[in-house]
Amino acid sequence: VQLQASGGGLVQAGGSLRLSCAASGRTIGSFAMAWFRQAPGKEREFVGGISYTGGYTSYAESVKGRFTISRDNAKNTVYLQMNSLKPEDTAVYYCAARPSIVLTTAQYNFWGQGTQVTVSS
């Protein structure tokens, strides 16, 4: 499966962005999906994930209450709605897929190319 992330950009602190991850090659209906991010000089970290049905989500503590992950299996697309953005959210955001009904924070097999999110103070 190929993943294409989009929607990144420059936003002021307190603003919002919505990232999209469009999948092709296979339907993602049986995949757990997730978003990760990597800031300069830091390791890649799990941001949030969603189960294959969309019935279960999980978030990093740093984004809980601000970010929402959702999916539209009919459109083969996953979204990350980011509200109340902070400068520390600045990073390259990656979407990832795992061919499993189990949602985890690691062991993802397929990765998108990343989209830059920059939050100015």
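**View 1. Phe31, a buried ring with a partner on another strand.** In this predicted model, Phe31 has a relative accessibility of 0%, so this residue counts as buried. A search of the whole structure turns up four aromatic pairs. In one of them, the ring centres of Phe31 and Phe110 are 6.1 Å apart and the planes meet at 55 degrees, so the pair is tilted. Phe31 sits in the loop between strand E3 (17-24) and strand E4 (32-38), while Phe110 belongs to strand E10 (residues 110-111), so the pair ties together parts that are 79 residues apart in sequence. Unlike the buried Phe31, Phe110 has 24% relative accessibility and counts as partly exposed.

**View 2. Phe36 and Trp111, another tilted pair.** Here the ring centres lie 4.8 Å apart with the planes at 55 degrees, so Phe36 and Trp111 count as tilted. Phe36 comes from strand E4 and Trp111 from strand E10, which puts distant parts of the chain, 75 residues apart, in one pair. How covered is each partner? Phe36 is buried, at 5% relative accessible area, and Trp111 is partly exposed, at 31%.

**View 3. The ring cluster and its arginine.** Zoom out a little from the previous pair, and ring pairs join Phe36, Phe46, Tyr108 and Trp111 into a cluster. Now look for Arg44. Its charged end sits over the ring of Phe36, 6.0 Å from the ring centre. Arg44 also lies over the face of Trp111, at 3.8 Å from the centre of that ring. So two members of the cluster, Phe36 and Trp111, have this arginine over their rings. Phe36 has a further tie to Phe46, which stands opposite it in E5.

**View 4. Strands E4 and E5 and the turn between them.** E4 and E5 pair in the antiparallel sense, with five bridges between them. Six residues separate the two strands in this hairpin, and one of interest is Gly41, with a positive phi near 80 degrees. Is strand E5 mostly covered or mostly open? Strand E5 (residues 45-50) is mostly covered, with five of its six residues buried.

**View 5. On from E5 to E6.** Follow the chain along and E5 pairs again, this time with strand E6 (residues 57-59), through three bridges in an antiparallel arrangement. For a landmark, take Gly48, whose bridge partner in E6 is Tyr59. The hairpin of E5 and E6 has six residues between its strands, and there Gly54 takes a positive phi near 85 degrees.

**View 6. The disulfide of Cys21 and Cys95.** How many disulfides does the model hold? The count comes to one, and the link is between Cys21 and Cys95, whose sulfur atoms are 2.2 Å apart. With 65 degrees about the S-S bond, this link is right-handed. Cys21 lies in strand E3 and Cys95 in strand E9 (residues 91-98), so to speak two distant parts of the chain, 74 residues apart, joined by one pair. Both cysteines, Cys21 and Cys95, are buried.

**View 7. The open sheet with E3 inside.** Strand E3, the home of Cys21, also takes part in an open sheet of four strands, in the order E1-E3-E8-E7 with antiparallel pairing. Which strands form the edges? Strand E1 (2-6) and strand E7 (67-72) do, each pairing on one side only. From one strand to the next, the twist averages 15 degrees. At the E7 edge, six bridges join E7 to strand E8 (residues 77-82), and the two run antiparallel. To find your place there, look for Phe67, which stands opposite Met82 in E8.

**View 8. Stepping back to the whole chain.** The protein chain has zero helices and eleven strands. Its radius of gyration is 13 Å, close to the 14 Å that the globule rule gives for 121 residues, so the chain is as compact as a globular protein of that length. Along the principal axes, the C-alpha atoms fill a box of roughly 40 × 25 × 25 Å. Of the 121 residues, 46% are buried, among them Phe31, Phe36 and the disulfide partners Cys21 and Cys95.

Terms used: Residues numbered from 1 in each chain as written. Predicted model: local features only at pLDDT ≥ 70, side-chain atom pairs only at ≥ 80, totals over all residues. Heavy atoms only, no water. Phe/Tyr/Trp six-rings, centres within 6.5 Å; stacked < 30°, edge-to-face > 60°. Buried < 20%, exposed > 50% of the residue type's maximum accessible area, 1.4 Å probe, protein only. Lys NZ or Arg CZ within 6 Å of the ring centre and 35° of its normal. Disulfide = S-S within 2.5 Å. Pairing = 2+ DSSP bridges. Axes fitted to C-alpha atoms, helices over the stretch in contact; angles between N-to-C directions. Rg over C-alpha atoms; globule rule 2.2 N^0.38 Å.
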